[in-house]
Amino acid sequence: MSASATAPQMSVNEPLTQLPAWKALEAHYESMRNRHLRELFRTDPERGRRLTLEAEGICFDYSKHRVTDETLRLLLELAEQSGLRARLDAMFSGDRINITEKRAVLHTALRAPRNATIVVDGKNVVPEVHEVLDRMAGFSERVRSGAWKGFTGKRIRNVINVGIGGSDLGPVMAYEALRHYSRRDMTFRFVSNVDGTDFAEATQDLDAEETLFVISSKTFTTLETMTNAQTAREWALKTLKDEKAIAKHFVAVSTNATEVEKFGIDTANMFGFWDWVGGRYSMDSAIGLSTMIAVGPENFRRMLAGFHAMDQHFRTAPFEKNLPVLMGLLTVWYADFFGAETVAVLPYEQYLKRFPAYLQQLTMESNGKHVTLGGERVNYQTGPIFWGEPGTNGQHSFYQLIHQGTRLIPCDFIGFAKTLNPLGNHHDLLLANVFAQGEALAFGRTAEDVRAEGTPDWLVPHRVFEGNRPSSTLLLAELTPEALGKLVALYEHSVFTQGVIWQIDSFDQWGVELGKVLAKKIIGELGASGPAAGSHDSSTTALIEWYRKRRG
């Protein structure tokens, strides 16, 4: 496989809303908008089994969606007419499908087996990927075994990952998700926010002699990360006194050897990655070093195997039996035809408490775009808002709005057949809630049902559940490293599918740039005296002056 020298063109010549399948879906929506799931299930007794797909150890029940066979047929036609197959093949082949940055998109290479061949600019990148993984594994084992000592000869007992965005959200989510498999005699923490409180709280009870910092920044110039890194350096030297100690207490995940060396980190302890790895797709690269130290190289590689299994499924399964494709198409169906603005991700597994936050970057940074690949303003919705909390906590906060509010919020319920921490009947209660919530959202409770329970007439409207609220249920056997990899890759490829349909570039993120540029300018102004510079609007100027007077 080889990368093309220039960015590939979209295989679709027509605007999305002019595609025959899109127009057919618009007409079909008019016949579906008022159809109730109660009717769909009543007229198809086998619907629950028929609209369930099992693949790669994931049971995906999509029967509680407001779709018919005709809906699914038209959505699959939309995928075909949008050139999904060609774009999918182009991504896996290493073509430069990130056209605004002229880069390949090859996070899938990070979990390819050693014998795979993926060529970018005439070079097979797989050996480089495994060389870095092997170096990560060797270093992780030295830290975990105590062979790697701090400057004063003490073993490392604390690891702090310093990064932001994809260099933080991925590692912290994976650590929390796989904490069951982590070293319990070590402490792992994550610093991302430039708010000094984040660093202060992460280090306040730690001994610098036993602490290792993993500084994760591709360029080693990211403002927030390097501000925290410099603070970490000062914190460590306050105890260790000697500049030579930095090399024993800091390692880098970066590609900028010059800046890494200038910081005082031995470049032998610098773990690199490539420009074809986007930040939000990097948790299975060297960015995952802190995760590997926590769970061990074997479990990390098991996670990579899960990623790869889902990659292969996405690449080879026919679209009608393809988990990420179906999930992505359903998201498009609700966002663009029903006007749904959000998707709730509801993992009934406490270890996945950071999974919705991780998905927020993956989905919204990828598909929060307002122009097509050709630079034209879109005239349809892209990138719904993703959010959520682990169950059953959410049931006692925001589920009220999902059940009886005025907004349509499709939900993804995630559950596991086995718990990693069996305690009494806790897990049965947990899964009972998974199944109950999906049922309640779909079918609700009619006024007749409520009256039959003896409810007085004045109270009946308040106790009615309209139902017809769509949801998916994803069930897996157990939260293993492989299962986590499959789940993350499932959402990665669902996001890709959505982006192809919407004809946008899911792999750039220009929207984060303007705020950074303005912040750098304002930083200098905050320390100045006298009136604020006149280059801002009156609101920003007044806020700067207010802060100057009161910051102490």
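The following exchange concerns a predicted model.

Colleague: What radius of gyration does the protein have, and what would a compact globule with 552 residues have?
Modeller: The C-alpha atoms fill a box of roughly 75 × 60 × 60 Å along the principal axes. For 552 residues, a compact globule would come out near 24 Å, and the protein agrees with this at 25 Å.

Colleague: What share of the contacts with a separation of 6 or more comes from residues 24 or more positions apart?
Modeller: The protein has 22 helices and 13 strands. Among contacts with a separation of 6 or more, the share from residues 24 or more positions apart is 75%.

Colleague: Is Arg111, which forms a salt bridge with Asp311, buried or exposed?
Modeller: The N to O distance in this salt bridge is 2.7 Å. The pair links distant parts of the chain, with Arg111 in the loop between helix H5 and strand E3 and Asp311 in helix H13, 200 residues apart. Asp311 has a relative accessible area of 0%. Buried means under 20%, and Arg111 has 3% relative accessibility, so Arg111 is buried.

Colleague: Which residues are joined into one network by salt bridges that share partners?
Modeller: The whole structure holds 33 salt bridges. Those that share partners join four names into one network: Arg111, Asp284, Asp311 and Glu492.

Colleague: What separates Arg73 and Glu70 along helix H4?
Modeller: Arg73 and Glu70 form a salt bridge, with the closest N and O atoms 2.7 Å apart. Arg73 is partly exposed at 39% relative accessible area, and Glu70 is partly exposed at 33%. Both lie in helix H4 (residues 69–81), 3 residues apart, so the separation is about one helical turn.

Colleague: Is Lys262, in its salt bridge with Glu259, buried or exposed?
Modeller: The side chains meet at 3.1 Å, N to O, and both residues lie in helix H11, 3 residues apart. Glu259 is partly exposed at 26%. Exposed means over 50% relative accessible area, and Lys262 has 60%, so Lys262 is exposed.

Colleague: What kind of aromatic pair do Trp333 and Phe338 form?
Modeller: There are 28 aromatic pairs in the structure. Trp333 and Phe338 are both buried. Planes over 60 degrees apart count as edge-to-face; with centres 5.3 Å apart and planes at 80°, this pair is edge-to-face.

Colleague: Which residue lies over the face of Trp148?
Modeller: Trp148 is buried and forms an edge-to-face pair with Phe139, 5.0 Å centre to centre. Over the face of Trp148, at 4.1 Å from the ring centre, lies Lys248.

Conventions. Residues numbered from 1 in each chain as written. Predicted model: local features only at pLDDT ≥ 70, side-chain atom pairs only at ≥ 80, totals over all residues. Heavy atoms only, no water. Phe/Tyr/Trp six-rings, centres within 6.5 Å; stacked < 30°, edge-to-face > 60°. Buried < 20%, exposed > 50% of the residue type's maximum accessible area, 1.4 Å probe, protein only. Lys NZ or Arg CZ within 6 Å of the ring centre and 35° of its normal. Helix = DSSP H or I, 4+ residues; strand = E, 2+ residues; numbered from the N terminus. Rg over C-alpha atoms; globule rule 2.2 N^0.38 Å. Contact = heavy atoms within 4.5 Å.
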